[in-house]
Amino acid sequence: MRYVLLGPPGAGKGTQAAILSEKLGIPHISTGDLFRANIGEGTPLGKEAKSYIDAGKLVPTDVTARMVEDRLSQEDAQDGFLLDGFPRTVEQAEILEKLLANKGTKLDGVVNFEVSEDVVVERMLSRGRADDNEETIRTRLGVYRDETHPLIEHYGDIILPVKAEGSVEEINERTLQAMGK
Ligand code: AMP
């Protein structure tokens, strides 16, 4: 069970991933959470990533990809994972593909959470994260449109669309259904 969760910032990927991780027994791997943990611990990786995150920009791909490769090589991720926040660009998707191919595996699907811009802005403003101020939100939505949205076409056939408006439970049911679980 190897899945990528795709969608704009504020689509509820993290919330859904936490529930799915529990139900499916596979780890939730969030690049945003990994960066925030590194920032909290004051690691060199955290120091490098912080200015990009605070500005709502993408952390350079080489740094991000190394972190993901390291996480995916850990024991608990060998039989499956829910990747949340990676890939965010076509370049990152190609890196992931190679990484998985080297292990003789590939993605089972890419869940795409579909949600309107009004709803994502509302959700982001209500969660109160350090990088959730209005200007940064605008930047992140722009990055999403320009760099991440093209992944929907890139993944084509393996995209599993999920309408991500409504209650957390409703969205979770739709997601499991889309995954065939
Ligand atoms: P998230 O928690 O997924 O919204 O990510 C928070 C921030 O972490 C983003 O705005 C980026 O600055 C950074 N980030 C997370 N994932 C990636 C990625 N795949 N590539 C580059 N930067 C990322």
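This is a short talk on the ligand site and the largest pocket of the structure above.

To start, this is a predicted model. I will go from the ligand outwards, and end with one peptide bond.

First, the ligand and its neighbours. There are 16 residues around the ligand. Thr31, Lys57, Gly85, Arg88 and Gln92 come nearest. If you sort the shell by class, you get 6 charged, 5 polar and 5 nonpolar residues. Which element gives the largest share of that shell? Helix α2, residues 31-41, does, with 4 residues.

Now the polar atom pairs at the ligand. I have three to show. At Lys57 the atom on the protein side belongs to the backbone: a polar backbone atom there is 2.6 Å from an oxygen atom of the ligand. At Arg36 a side chain is involved, with a polar atom 3.0 Å from a ligand oxygen atom. Gln92 also uses its side chain, where a polar atom lies 2.9 Å from a nitrogen atom of the ligand. As for cover, the ligand on its own has 480 Å² of accessible area, and the protein covers 96% of that.

Next, the pocket. The ligand takes up the space of the largest pocket. For anyone setting up a grid, the volume of this pocket is about 890 Å³. How many residues line the largest pocket? The lining has 43 residues, and those nearest the pocket centre are Pro9, Lys13, Arg88, Arg127 and Arg129. Several elements give two or more residues each to the lining: the strands β1 (2-6) and β2 (28-30), and the helices α1 (13-24), α2, α3 (44-55), α6 (117-127), α7 (134-148) and α9 (168-178). The largest share of the lining again goes to α2, with 5 residues. By class, the pocket lining divides into 17 polar, 15 nonpolar and 11 charged residues.

Arg88 has now come up twice: it is among the residues that come nearest the ligand, and it is among the lining residues nearest the pocket centre.

Last item, the backbone next to Arg88. Where is the cis peptide bond I mentioned at the start? It joins Phe86 and Pro87, and omega is about 0°. Pro87 is placed in the loop between β3 (81-84) and α5 (90-102).

To recap, the ligand occupies the largest pocket, and α2 gives the largest share both of the ligand shell and of the pocket lining. That is what I have.

Definitions and conventions:
Residues are numbered from 1 along each chain as its sequence is written. This is a predicted model: local features need pLDDT of at least 70, side-chain atom pairs count only at pLDDT 80 or more; totals for chains, interfaces and linings use all residues. Side-chain values use heavy atoms; hydrogens and water are left out. A residue is near a molecule or strand if one of its heavy atoms lies within 4 Å of it. A polar contact is a pair of N or O atoms within 3.5 Å; within protein, one must be able to donate a hydrogen and the other to accept it, and residues adjacent in sequence count only if both atoms are side-chain atoms. Accessible areas come from the Shrake-Rupley method with a 1.4 Å probe; for residues, only the protein chains shown count as cover. On a 1 Å grid over the protein atoms alone, a cavity is a set of points where a 1.4 Å probe fits but cannot get out, and a pocket is an open set with protein on both sides within 12 Å along at least five of seven lines; lining residues have an atom within 4 Å of a point. A molecule sits in a cavity or pocket if more than half of its atoms lie within 2 Å of its grid points. Ala, Val, Leu, Ile, Met, Phe, Trp, Tyr, Cys and Pro count as nonpolar, Asp, Glu, Lys and Arg as charged, and the others, Gly among them, as polar. Grid points are joined across faces, edges and corners, and a volume is the space filled by probe spheres set on the points.
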